[in-house]
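Hi,

Here is the structure I said I would pass on. Have a look at it first, and my notes follow underneath.

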Amino acid sequence: MTTYGGFEPVFCTIVPPHVLDKLAQHEDPVLAGPARRTLQRDAFERTRRQLTTVIGAPAVAPHAGAEQQKPQRTVFDARHGTDLPGKKVRGEGEEPGKDATVNRAYAGLGATFEHFLKVYGRDSIDGAGLPLHATVHYDREYNNAFWNGEQMVFGDGDGEIFLDFTIPLDVIGHELTHGVTQHTANLTYYGQPGALNESVSDVFGALIKQYSLGQTAAEADWLIGAGLLAPSVTGVALRSMKAPGTAYDDDVLGKDPQPPTMDDFVRTGRDNGGVHINSGIPNHAFYLAATALGGHAWERAGQIWYDVLTGGELAQDALFADFATLTVKAARERYGDAEELEAVRKCWEQVGVRTL
C-alpha cells in the first residue's frame with residue numbers, strides 16, 4: 001500500500017528533451033536557437049522546481065466555494081518574460097478577451113476540471129477544489145508547455161516547428177494530469193514509473209479531448225498534440241497512442257522513437273530514462289483496451305485507469321507489470337468477470353507486459 005502523505009512535485013514538459021536536442025543541433029540558427037533557449041530555460045525551471053520542493057512551495061489559497069465544486073481559474077500573461085505567474089489577464093467568470101491564447105488556456109483549464117468532476121467525481125486536480133492557474137506567452141519563441149508542481153505554463157512556439165501550445169486541448173489536459181498524479185500515486189519520474197507517469201497524462205489528456213468533442217473510441221484520433229506542429233513539419237502530432245512511433249518522421253525532428261510493445265523497449269539514461277519514449281507501451285495498451293470495449297473510452301477503460309491511479313495501491317516506483325496487474329484487479333473489482341476484464345488482460349498481453 002502506498003501512502004501519499006509527502007508528494008514531491010516534478011517538472012514535466014510536453015515536448016520531450018530528445019526532440020529539442022535534435023532541433024538544437026540543426027545548422028539553421030532559426031531552428032536551433034529557440035530549441036537551445038528552450039532547453040536552457042527547462043533546465044533552469046527544473047532546478048527551481050527541485051529547490052522549491054526542498055524549501056517548500058508557497059501556500060495556495062483554498063477554494064472558497066469548494067462545496068460547490070466549480071473551477072477557480074486564473075490566467076496570467078508573462079508578456080514574453082519568465083517571471084511567474086505574470087500579470088493577471090482573466091479570472092473565473094470573466095468574459096473572453098481579444099487574446100485567443102488566453103481564451104484557449106481558460107477554456108482548457110475548464111474542460112479538464114469538468115472532465116475529472118463529471119466523469120470521476122474529482123474536484124479539481126487535488127480532489128479538494130485546488131484553484132487552477134496558467135501563464136501564457138512565456139518567454140520568447142519558447143517551444144514547450146509545462147506543469148511545475150503549482151501551475152501550467154505555455155510557450156508561444158517558434159512558429160517554424162511548433163505553434164502556440166494552447167492550441168491542443170490534450171496538451172493542457174496532459175499537463176494538468178501530472179498534477180493529479182502528483183496528488184495521488186506520485187509516480188517517480190524516472191524509468192518505467194516515469195514512463196507510467198507520462199502515459200497516465202497522455203491517457204487522460206486524450207480522454208479530456210474526446211469527452212469535450214463527444215467522441216467514441218472509434219472516432220478519436222488518439223493523437224497527443226495534434227495541431228501543435230507547424231505546416232512545414234512532416235508529422236501529425238507529438239505522439240500516437242494508436243500507433244506509437246508514427247506521429248512524425250521529419251528531416252528536422254527525426255523519427256518518432258516511441259515503441260508500441262516491450263519488444264522495442266528503449267534503454268537510455270537520457271530523458272529521465274526514456275520517460276517520453278517508453279510511455280508508448282502503456283499508451284498503446286490503453287488504446288487497445290479502449291477500442292476493444294468501444295463506446296466512450298472514459299466510461300470503462302478510463303475508469304479502470306483512474307481507479308488504479310487513485311486507489312492507493314500503486315507504488316511510487318511501480319513498473320509496467322505492477323500497473324498492469326492493478327488494472328486487471330480494478331477491472332475485476334468494478335466489473336466482475338466480464339468483457340472489461342478480458343479487454344484489460346488482452347491489451348497488456350498484446351504489448352508484451354505480463355500481469356501477475
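One definition before the notes: the expected span of a helix is 1.5 Å times one less than its number of residues. Also keep in mind that this is a predicted model.

Now for helix α3, residues 100-120. Its 21 residues reach 29 Å from the first C-alpha to the last, close to the 30 Å expected. It's mostly covered, with 16 of the 21 residues buried. At the N-terminal end, D99 acts as the cap: one of its side-chain oxygens lies 2.9 Å from the backbone nitrogen of T101. After α3 comes G121, which has a positive phi, near 70°.

α3 falls in a stretch that has a record, too: an unreviewed UniProt entry lists residues 77-182 as "domain: Peptidase M4". That stretch is 33% helix and 16% strand, and its end C-alpha atoms are 25 Å apart.

Then the aromatics. The count comes to 17 aromatic pairs. In one of them, the ring centres of Y120 and Y306 are 4.6 Å apart with the planes at 10°, so the pair is stacked. Y120 belongs to α3 and Y306 to helix α8 (residues 301-310), so this pair ties together parts 186 residues apart in sequence. Y138 and Y142 pair edge-to-face instead, at 5.1 Å centre to centre and 80° between the planes, and both are buried. There is also a cluster linked by ring pairs: W222, F286, Y287, W305, F323 and W348.

Last, have a look at Y106. The charged end of R73 sits over its ring, 3.8 Å from the centre, and the charged end of R90 sits over the ring of Y106 as well, 3.6 Å from the centre.

Cheers

Notes
Residues numbered from 1 in each chain as written. Heavy atoms only, no water. UniProt positions renumbered as here; feature names shortened; annotations may be inferred. Helix = DSSP H or I, 4+ residues; strand = E, 2+ residues; numbered from the N terminus. Buried < 20%, exposed > 50% of the residue type's maximum accessible area, 1.4 Å probe, protein only. Polar contact = N/O pair within 3.5 Å; in protein donor to acceptor, adjacent residues only side chain to side chain. Phe/Tyr/Trp six-rings, centres within 6.5 Å; stacked < 30°, edge-to-face > 60°. Lys NZ or Arg CZ within 6 Å of the ring centre and 35° of its normal.
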